[in-house]
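Welcome, and please open the model in your viewer. We will go from stop to stop, with something to select at each one.

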Amino acid sequence: MHYLGNPSIISLNNIAVSFDGEIVLKDFNLSIRDGEFVTLLGPSGCGKTTTLRIIGGFVKPDTGDVFFNGKKINDLPPHKREVNTIFQKYALFPHLNVYDNVAFGMRVHGKSESQIKTTVKEMLNLVNLNGFAHRNVNLLSGGQQQRVAIARALANEPKVLLLDEPLGALDLKLRKDMQVELKKIQQQTGITFVFVTHDQEEALSMSDTVVVMDKGAIQQIGSPRDIYNEPKNAFVADFIGESNILDGVMHKDYLVEFAGHPFKCVDKGFQPDEPVDVVIRPEDIDVVEPDTGHLTGVVTSVTFKGVHYEIIVDVRGFKWMIQSTDFQEVGKKIGMLLQPDDIHIMHKSEYSGMFGDYSTFSDEMDEDSQPLPEEGEVENKE
Ligand SMILES: Nc1ncnc2c1ncn2[C@@H]1O[C@H](COP(=O)(O)OP(=O)(O)OP(=O)(O)O)[C@@H](O)[C@H]1O
């Protein structure tokens, strides 16, 4: 966490942008530290590229300010910003070889040929393309072309690198390799990376900080771990990883009711009997013998996913998803056990109830529902 004590290099303060009367960004506040790897993550059209273009100086916000190292740069043209962009399409110069592509920016800036030679060598080394200097870029693979684009951008010594879905055109295996390499390059150079993707796995595996966006607004900013473990609302919970999202009622601190049962949880600070969204990750549910856990249901489907099975369990009409390394037969009755710290409680938001049929169990409690216990009575089984 090298960047944590560093000052902010970019701040976007109260940014709003509309195109043709349509709001694209609103109430947008983001502070990025020098040396941080920040990822803007969200569905198509949520405003990620527009945010990059504001930082790069290609879009002028309707309201709000952009700061670079504490200085307001609203009116600074793109070429005067110490920022470089890498796009999904590498945009290399097809008539130039690898060396001349990487050297291009330095030549424009009037660097000496000996200086250029040293830097090109250094950059090709950094992106693992030693020995490729004199190759024609058209003869390189997609992954190699993207490495050249990265080397070319870094050769200009930007303070900040903006990466707009740079791995989007690569196949899955190459994409995974490049994720590791890009992260390594960022750590070696210490350059601030602002990375755009709609792939949540990519965001979680590469970033120091993830900014989850939807409909032009930031839904949550946090470390990958925080975003995954403590999603702020149902949108984030649904967008990041798989989730079971249920309606619940937070009766008091550390006591929530959902699926017709009271559960101990680790959350507090809600209003008494506040309606909440309850999020439970599929991998956090323990499978136990029927009628020995908190809930019992029937397995309706099992899908092999490589490292685990994805198991759908019907509990009185609600389809739970469980991820487990143990196979279960379709039609079998199984029990489910939930630990207090695997139950994540969040305030209701505009996203509540939008993802699937997560109807309240409390409304349809049946004979095996437990009554709400007295103080100290709730015990999530260990
Ligand atoms: N120059 C423009 N003129 C008009 N509308 C625009 C312009 N640029 C972006 N938009 C609109 O703004 C919205 C946000 O676009 P943006 O490219 O920032 O989203 P995104 O999150 O990067 O999406 P994607 O992942 O598909 O690239 C979209 O509805 C897009 O059509």
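**Stop 1: a helix and its exposed arginine.** Begin by selecting Arg 225, which sits in helix α7, residues 224-229. Is Arg 225 buried or exposed? It counts as exposed, because it has 10 C-beta neighbours inside 10 Å. Now add Val 210 to your selection: the two residues are 15 apart in sequence, and their C-alpha atoms lie 9.6 Å apart in space.

**Stop 2: the whole chain.** Zoom out to see everything. Keep in mind that this is a predicted model. Colour by secondary structure and you will be looking at 8 helices and 20 strands. Along its principal axes, the C-alpha trace spans about 80 × 45 × 40 Å. Of the 382 residues in the chain, 37% are buried. Among contacts with a separation of 6 or more, 68% are between residues that stand 24 or more positions apart.

Next, colour residues 8-229 and residues 242-364 separately: the domain assignment gives these as domain 1 and domain 2. How many Å separate the centres of domain 1 and domain 2? Taken over C-alpha atoms, the separation is 39 Å.

**Stop 3: around the ligand.** Select the ligand and then its surroundings. Its shell includes Phe 19, Asp 20 and Val 24. Also in the shell are Gly 42, Ser 44, Gly 45, Cys 46 and Gly 47. Add Lys 48, Thr 49, Thr 50 and His 198 to complete your selection. Which helix gives the most to this shell? Helix α1, residues 48-56, does, with 3 residues. Colour the shell by class and you will find 3 nonpolar, 7 polar and 2 charged residues.

**Stop 4: two aspartates with positive phi.** Stay with Asp 20 from the ligand shell. Asp 20 lies in the loop between β1 (8-19) and β2 (22-33). Its phi is positive, near 50 degrees, in a residue other than glycine. Most residues other than glycine have a negative phi. Asp 20 is exposed because there are 5 other C-beta atoms within 10 Å.

Move on to Asp 27, whose place is in strand β2. Asp 27 is not a glycine either, yet its phi is positive at about 40 degrees. Like Asp 20, which is exposed, Asp 27 is exposed too, because 11 other C-beta atoms lie within 10 Å.

**Stop 5: a strand covered on both faces.** Select strand β6, residues 83-86. Val 83 and Thr 85 point to one side, Asn 84 and Ile 86 to the other, and all of them are buried. Add strand β7, residues 160-164: β6 and β7 run parallel and are joined by 4 bridges. For one of these pairings, look at Val 83, whose bridge partner in β7 is Val 160.

**Stop 6: a helix and its neighbours.** Select helix α2, residues 98-108, and show the side chains of its buried residues: Val 98, Asn 101, Val 102, Ala 103 and Met 106. What do the buried residues of α2 pack against? They pack against α3 (113-126) and α4 (142-155). After α2 comes Gly 110, with a positive phi near 75 degrees.

**Stop 7: an open antiparallel sheet.** Here 5 strands form an open sheet with antiparallel pairing, in the order β13-β12-β11-β14-β20. Select β13 (261-264) and β20 (344-347) to see the edges; each has a single partner strand, so one side of each is left without a neighbour in the sheet. On average, neighbouring strands of this sheet are turned by 40 degrees against each other, direction ignored. Within it, β11 (244-252) and β12 (255-258) run antiparallel and are joined by 4 bridges. Met 250 has Val 256 in β12 as its bridge partner.

**Stop 8: another open sheet.** Our last selection has 5 strands in the order β15-β19-β16-β17-β18, with antiparallel pairing in an open sheet. Its edge strands are β15 (286-288) and β18 (318-324), each pairing on one side only. Neighbouring strands are turned by 45 degrees against each other on average, direction ignored. Finish with β17, residues 309-315, which pairs with β18 in the antiparallel sense over 7 bridges. In β18, Trp 320 is the bridge partner of Val 313.

Notes: Residues are numbered from 1 along each chain as its sequence is written. This is a predicted model: local features need pLDDT of at least 70, side-chain atom pairs count only at pLDDT 80 or more; totals for chains, interfaces and linings use all residues. Domain bounds come from an automatic or database domain assignment. A residue is near a molecule or strand if its C-beta atom, placed from the backbone, lies within 6 Å of it. Ala, Val, Leu, Ile, Met, Phe, Trp, Tyr, Cys and Pro count as nonpolar, Asp, Glu, Lys and Arg as charged, and the others, Gly among them, as polar. A residue is buried if 20 or more other C-beta atoms lie within 10 Å of its own, exposed if 12 or fewer, and partly exposed in between; C-beta atoms are placed from the backbone. Two strands pair if DSSP finds at least two bridges between them. Axes are lines fitted to C-alpha atoms, for helices over the stretch in contact, and angles run from 0 to 180 degrees between N-to-C directions. Two residues are in contact if their C-beta atoms, placed from the backbone, lie within 7 Å.
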